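This report describes selected local features of one protein chain. The sequence and the model are shown first, and the description follows.

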Amino acid sequence: MSTHAILRMSTLYAPTLKEDPSDQDIVSAKLLVRAGMIRKEASGLYTFLPLGMRVLHKIQNIVREEMDSHGAQELLMPFVQDADLWRRSGRWGVYGDEMMRLVDRHGNEFCLGPTHEEVITDLVQNELRSYKDLPRNLYHIQLKFRDERRPRFGLLRSREFIMKDGYSFDADEAGLDASYANMRDAYVNITERMGLAYRVVEADTGEIGGSGSEEFMVLADTGEAEIAFCECGYAADTEAASGKPAPTCYEAGALTKLETPGVHTIAELAEFLKCEQSSLAKAFSGKDAEGNLWVLFVPGDHEVNELKAAQLISGFEPLTDEEMKDAGLCKGSMGPVGLPEGVKVAADHSLANIPTWVVGANEDGYHYVGAKLGSDFTVDTWGELCEVKEGDACPCCGKPLQLARGIEVGQIFKLGTKYSEAMDATYMAEDGSEKPFVMGCYGWGVSRSLAAAVEQCHDEDGIVWPASIAPAQVIVIPLNMGDDLVEPAANEVARKLAEAGLEVVIDDRDARAGFKFADADLIGWPVQVVLGKRGLKNGEVEIKRRSVGEKVSVALDSVVDAVKQALAE
């Protein structure tokens with residue numbers, strides 16, 4: 001077992017701060033700055049100090065070991081990318097303002113790489129020529145740059161960041177399925193080895209594209225994304241999640257027009273009728289890619305999921321208030337009965353079993369009750385339109401869904417032939433024909449993982465690192481530096497711990513005990529070994545587990561075993 005070098009707080013560049021920095025807006029950024037791990041250089045740009053680098057290296061090593069053990073091979077692609085590659089894929093003009101474009105002294109256009117699909121596809125297209133060369137899985141750990149309009153949340157939404165992105169190349173969809181499952185398994189191992197609570201969720205493919213995607217979400221109250229999950233194992237980002245709403249029927253006779261003065265919202269209408277919001281139909285207007293007008297209906301206790309609306313109705317986008325007015329639609333009182341000519345109706349399929357609806361009368365201050373589906377109005381298109389909410393039935397087992405917030409640290413995609421076809425990247429199949437590579441893409445946010453871990457693992461005193469990614473596993477804290485008994489004992493304990501293969505730091509500063517304890521909690525060393533004169537006279541030291549705060553006294557000659565046990569708990 002190798003012996004790690006002992007770090008010394010007296011020489012370690014780890015400038016800690018007592019107060020939260022005023023220019024940080026999220027817990028992880030505040031604590032990482034205070035703990036002397038990062039420093040902000042400019043908006044969305046950070047320097048990683050030695051302790052922060054140690055955590056980054058831990059995360060990188062976990063990622064690298066799992067990728068290598070799952071058959072992927074590491075390379076390194078350039079940070080600066082040729083614009084011509086992006087023109088070949090068709091993304092140079094459509095990627096958006098997040099791409100940082102630049103021109104060299106010869107007038108050639110480049111970009112700072114926001115992702116590497118184009119570079120990797122260009123690399124392999126003249127190298128992997130035959131089906132015999134497949135499958136292949138290649139990855140690198142590299143800087144990325146995306147010119148965020150409003151960088152925020154510290155490392156979670158920065159402009160420059162460290163990412164592992166990998167790409168698989170297969171001969172067919174069956175091969176892609178196998179490569180995707182292999183990488184999914186690697187990502188599960190990465191997240192579990194980092195010691196974090198997480199969910200694997202169904203996700204939208206976004207700008208990367210492809211036929212399917214899943215995100216690895218670290219659970220945290222401050223997470224920017226919301227996920228729906230069930231005890232059966234189902235989980236999805238709420239944008240992509242499927243739930244089964246349970247609308248109720250408002251008992252009414254024939255179609256009746258009610259005067260509802262001042263009623264414009266579902267909450268106001270439910271109060272007016274003294275009923276549940278689930279008994280009402282909520283309306284939402286928009287237009288499709290061809291300019292056709294649509295009014296969408298969902299149960300009153302749900303919201304319309306615009307992503308699902310766009311999947312159901314090609315090119316769907318909401319109408320502005322001015323567009324609604326021009327179309328003759330009455331905001332706050334839309335309904336399927338008596339809509340202007342040419343306006344189409346779509347509804348969430350959960351409403352298909354509700355025989356009569358409560359809806360707007362397309363006239364300000366009026367609503368209908370008893371609007372009968374099939375006679376008073378018809379629906380042109382049924383589909384999944386609801387934004388999932390807590391308590392909706394799980395689509396897999398029917399039990400109530402739960403909601404939580406999460407931070408995306410990894411995402412895997414089935415790209416298919418999107419990039420290989422666009423860039424004419426082919427291989428020779430067994431029958432002699434040229435076929436495009438079937439690709440997968442696998443991204444892991446290394447610097448983002450560091451911040452996500454802090455968001456999940458902290459308390460009022462500072463960071464609580466999982467041992468697997470902590471900057472070091474144990475800190476030795478002598479309470480009386482310079483004392484003839486305490487200082488030699490502390491050095492000896494640190495030496496024995498290091499010889500046992502543990503990562504050790506010793507706080508050898510000439511400082512008050514309270515100061516050392518506060519720094520140890522702030523930085524988040526998993527185990528603290530405290531040596532004082534009184535304890536040493538009794539042959540004892542104190543051990544504290546940072547995650548639970550408990551302190552126990554152990555015999556000096558058993559400190560190594562006690563620390564190992566504490567790290568394992």
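## Helix H12 and its surroundings

In this predicted model, helix H12 is followed by glycine 524, which has a positive phi near 95°. The helix itself spans residues 513-523, and its buried residues are Lys516, Asp519, Ala520, Asp521, Leu522 and Ile523. The elements covering these buried residues include two helices and four strands, listed below.

| Element covering the buried residues of H12 | Residues |
|---|---|
| Helix H1 | 27-34 |
| Helix H2 | 50-69 |
| Strand S27 | 462-463 |
| Strand S28 | 474-478 |
| Strand S30 | 527-531 |
| Strand S31 | 540-545 |

A second site of interest is glutamate 214, which is located in strand S11 (residues 212-219). Glutamate 214 has a relative accessible area of 15% and is therefore classed as buried, the cut-off being under 20%. Its side chain forms a polar contact of 2.9 Å with the side chain of tyrosine 180. Beyond its neighbours within four places in sequence, glutamate 214 is in contact with Tyr180, Arg184, Val200, Val201, Glu202, Ala203, Gly410, Gln411 and Ile412.

The third topic is the second largest pocket, which holds about 460 Å³ of space. This pocket is lined by 21 residues, of which His264, Lys282, Ala283, Gly332 and Met334 are the closest to its centre. By class, the lining comprises 11 nonpolar, seven polar and three charged residues. Helix H6 (266-273) and strand S15 (281-287) each contribute at least two lining residues. Strand S15 provides the largest share, with five residues.

Conventions. Residues numbered from 1 in each chain as written. Predicted model: local features only at pLDDT ≥ 70, side-chain atom pairs only at ≥ 80, totals over all residues. Heavy atoms only, no water. Buried < 20%, exposed > 50% of the residue type's maximum accessible area, 1.4 Å probe, protein only. Polar contact = N/O pair within 3.5 Å; in protein donor to acceptor, adjacent residues only side chain to side chain. Contact = heavy atoms within 4.5 Å. 1 Å grid on protein atoms, 1.4 Å probe; cavity = no way out; pocket = protein on both sides within 12 Å on 5 of 7 lines; lining within 4 Å. Points joined across faces, edges and corners; volume = space filled by probe spheres on them. Nonpolar A, V, L, I, M, F, W, Y, C, P; charged D, E, K, R; others polar.
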